[in-house]
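Colleague: I should like to go through this model with you, beginning with its overall make-up and then turning to single residues. Could you please put it on the screen?

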Amino acid sequence: MQQTSTSGSSYRDSLKSLDTEEHIDLAFYRPIGYMWACLARRLGISPNAITIASIFLGIAAGVLFYFNNIWINAGGMLLLIWANSFDSADGQLARMTHQYSRLGRILDGLSGDLWFLAIYIAICLRENVTSHFFMTHPWVIWVAAVVTGICHAKQAAMADYYRQFHLFFLKGAEGSELERAFSLKRKLATLSWKRNFWQKLFLTVYTSYTLQQEATSPAMQSLRSALDKRFPDGQIPLSFRDDFRRESLPLMKYTNILSFNWRTIALFTALFLRMPWLYFLFELTVLNFLLIMMVIRHERICRRLTLALKDGKY
């Protein structure tokens, strides 16, 4: 697609990278998101405003999933697809206009969490009035929802972390949103609850999020420390970056499965079957298995490359 005067940036430039893009996104959400982004740019709408709009759309979708009516549920599906097209558009607009911000990244992650919080609550309320088993054992579906939500948060967080780590070596620090907890803590220390309440609140949540990502990937943190020691100027050689990319690229398909599209395919299938609780089962079994496999394989890659650094290969 040619560069357009309305966007000031080509469609390809609005993508994160072909390495990390998912096929469904490239075929569907990214083209639609690009059109939203071009329109938003002409109207002077910011990426954060699009993200906030997506939150309302996603929550509205969750409300419609409460009803045991497939046509109303279909309306919720369309709203959720619309919300995700906005979720695509906010990042594309930010890349097109260079309106990057930590707040935008936090809002972007929060939006998906709020969508699925609404969806989980709707499923629980629905099952408690439509399923004989859950009507007589109402606590079961709520416990399942809480456990699933915790797993969902971990799955999404690690998928995003590994994707950003891959982008760091592919495009450099400017092409990645990879953060470090110690730098976030330093920033937090400069903020006051009295003068910077909202900024500090958002950053506190984001720091906790980053700490959990780092705690789940100790070998990755060892690799980052080894790189800092070996290349204190931050100029990591191309040979190392290429080696990491080659090893990491096969894992990107798992980060995509753990993201939005395959979750919604499972969710929509469960709704069409009139058994929305099956979605919880999908997250607890299939997605948790993929998460564990992804973490194990990524940690193995990081340990191998850390040893190569220590042996002076790079």
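Modeller: A residue is called buried under 20% relative accessible area, exposed over 50% and partly exposed in between, using a 1.4 Å probe and protein chains only. The model is predicted, so local features need pLDDT of at least 70 and side-chain atom pairs count only at pLDDT 80 or more, whereas totals for chains, interfaces and linings use all residues. Residues are numbered from 1 along each chain as its sequence is written, and side-chain values use heavy atoms, with hydrogens and water left out.

Colleague: What share of the residues in the protein chain is buried?

Modeller: The protein chain has 314 residues, and the share is counted over them. By the cut-off of under 20% relative accessible area, the buried share is 48%.

Colleague: How many helices does the protein chain have?

Modeller: Helices (H or I, at least four residues) and strands (E, at least two) are DSSP runs, numbered from the N terminus. There are zero strands in the protein chain, and the number of helices is 13.

Colleague: What is the radius of gyration of the protein chain?

Modeller: This radius is taken over C-alpha atoms, and the globule rule is 2.2 Å times the number of residues to the power 0.38. For 314 residues the rule gives 20 Å, and the computed value is close to that, so the chain is as compact as a globular protein of that length. The radius of gyration of the protein chain is 21 Å.

Colleague: Which residues of helix α10 are buried?

Modeller: Helix α10 covers residues 238–248, and its buried residues are Phe240, Asp243, Phe244 and Ser248. Seen down the axis of α10, they fall within an arc of 125 degrees (taken from the directions from the helix axis to the C-beta atoms), so they line one face of the helix. The face turned away from this buried side carries the exposed residues Leu238 and Arg246. The buried ones, once more, are Phe240, Asp243, Phe244 and Ser248.

Colleague: Which elements are among those that cover the buried residues of α10?

Modeller: Cover is judged by contact, that is, heavy atoms within 4.5 Å. The covering elements include α6 (138–171), α9 (218–230), α11 (252–257) and α13 (277–310).

Colleague: Which residues form one aromatic cluster?

Modeller: Rings of Phe, Tyr and Trp (its six-membered ring) pair if their centres lie within 6.5 Å; planes under 30 degrees apart count as stacked, over 60 as edge-to-face and the rest as tilted. Two residues of the cluster, Phe240 and Phe244, are also among the buried residues of α10. The cluster is formed by Phe165, Phe168, Phe169, Phe240, Phe244 and Tyr314.

Colleague: How many residues apart in sequence are the parts that the pair of tyrosine 120 and tyrosine 279 ties together?

Modeller: This aromatic pair is tilted, at 6.4 Å centre to centre with 50 degrees between the planes. Tyrosine 120 lies in helix α4 (residues 102–130) and tyrosine 279 in helix α13, so the pair ties together distinct parts of the chain. Tyrosine 120 is buried at 8% relative accessibility, and tyrosine 279 is buried at 0%. The separation in sequence is 159 residues.

Colleague: Which residues does threonine 148 touch, leaving aside those up to four places away in sequence?

Modeller: Threonine 148 is found in helix α6, and it counts as buried because its relative accessibility is 0%. Its contacts include Tyr120, which is a member of the tilted pair just described. The residues touched by threonine 148 are Tyr120, Phe280, Glu283 and Leu284.

Colleague: Is glutamine 213 buried or exposed?

Modeller: Glutamine 213 is found in helix α8 (residues 197–216). Beyond four places in sequence, it touches Ala157, Met158, Asp160 and Tyr161. Because its relative accessibility is 2%, glutamine 213 counts as buried.

Colleague: And what is the relative accessible area of lysine 253?

Modeller: Lysine 253 lies in helix α11. It is partly exposed, and its relative accessible area is 42%.

Colleague: How many disulfides does a search of the whole structure find?

Modeller: A disulfide is taken as a pair of cysteine sulfur atoms within 2.5 Å. The sulfur of cysteine 151 is 14 Å from the closest cysteine sulfur, in cysteine 124, which is too far for a bond. Cysteine 151 counts as buried at 17% relative accessibility, as does cysteine 38 at 8%. Over the whole structure, the number of disulfides found is zero.
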